[in-house]
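Dear colleague,

I am passing on a structure that will be new to you, and below it you will find what came out of going through it. Please have the sequence and the model open while you read.

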Amino acid sequence: MSVNESPYVTLVSSDDFEFIVTREAACVSGTIKQSLDPRSAFAEAVTGRVKLSTINGVVLEKVCEYLYYNLKHKDQKDVPDMEIPPELCLELLMAADYLNV
């Protein structure tokens, strides 16, 4: 099985924490989905590793949690709020904008 057929991808934070997530969850992010597209010329499409140099490990962990949360609740109405620590709100907002989620 080649890397671009793998059901998992690795998201790497600016401080080198690695998060292995399903490709389906990672592709909730438009930015990550585009970089993993096998038709793109991005190295991420070949390696299955996405280096997010503007997002630290604490924030990326919460982003990964959100990717799965979004996937789990995508067809539901009245979705409960996700718990977000107030001290991460600004950084998460900037990460969400960058990742197009």
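The largest pocket holds about 280 Å³ of space, and since this is a predicted model, please read that value as one computed from predicted coordinates. Its lining is made up of 13 residues, and those that lie nearest the centre of the pocket are Tyr 66, Met 82, Ile 84, Leu 92 and Ala 96. The elements that contribute two or more residues to this lining are α4 and α5, and by character the lining residues divide into eleven nonpolar, one polar and one charged.

Turning to the interior, the largest nonpolar core comprises 21 residues, among which Leu 11, Ile 32, Leu 52, Ile 55, Val 59, Leu 60 and Val 63 touch the most other members. Two or more residues of this core come from each of β1 (8-12), β2 (18-22), α1 (23-26), α2 (30-36), α4 and α5, with α4 giving the most, namely six residues. In soluble globular proteins, nonpolar side chains tend to be buried together. Val 59, leaving aside its neighbours within four places in sequence, is in contact with Leu 88, Glu 91, Leu 92 and Ala 95.

Lastly, Val 79 is found in the loop between α4 (57-72) and α5 (89-99), where residues up to four places away in sequence are not counted and Val 79 touches Tyr 69 and His 73. Is Val 79 buried, partly exposed or exposed? With a relative accessible area of 32%, Val 79 is partly exposed, because that value falls between the 20% under which a residue is buried and the 50% over which a residue is exposed.

With best regards

Methods. Residues numbered from 1 in each chain as written. Predicted model: local features only at pLDDT ≥ 70, side-chain atom pairs only at ≥ 80, totals over all residues. Heavy atoms only, no water. Helix = DSSP H or I, 4+ residues; strand = E, 2+ residues; numbered from the N terminus. Buried < 20%, exposed > 50% of the residue type's maximum accessible area, 1.4 Å probe, protein only. Contact = heavy atoms within 4.5 Å. Core = buried A, V, L, I, M, F, W, Y, C linked by side-chain atoms within 4.5 Å. 1 Å grid on protein atoms, 1.4 Å probe; cavity = no way out; pocket = protein on both sides within 12 Å on 5 of 7 lines; lining within 4 Å. Points joined across faces, edges and corners; volume = space filled by probe spheres on them. Nonpolar A, V, L, I, M, F, W, Y, C, P; charged D, E, K, R; others polar.
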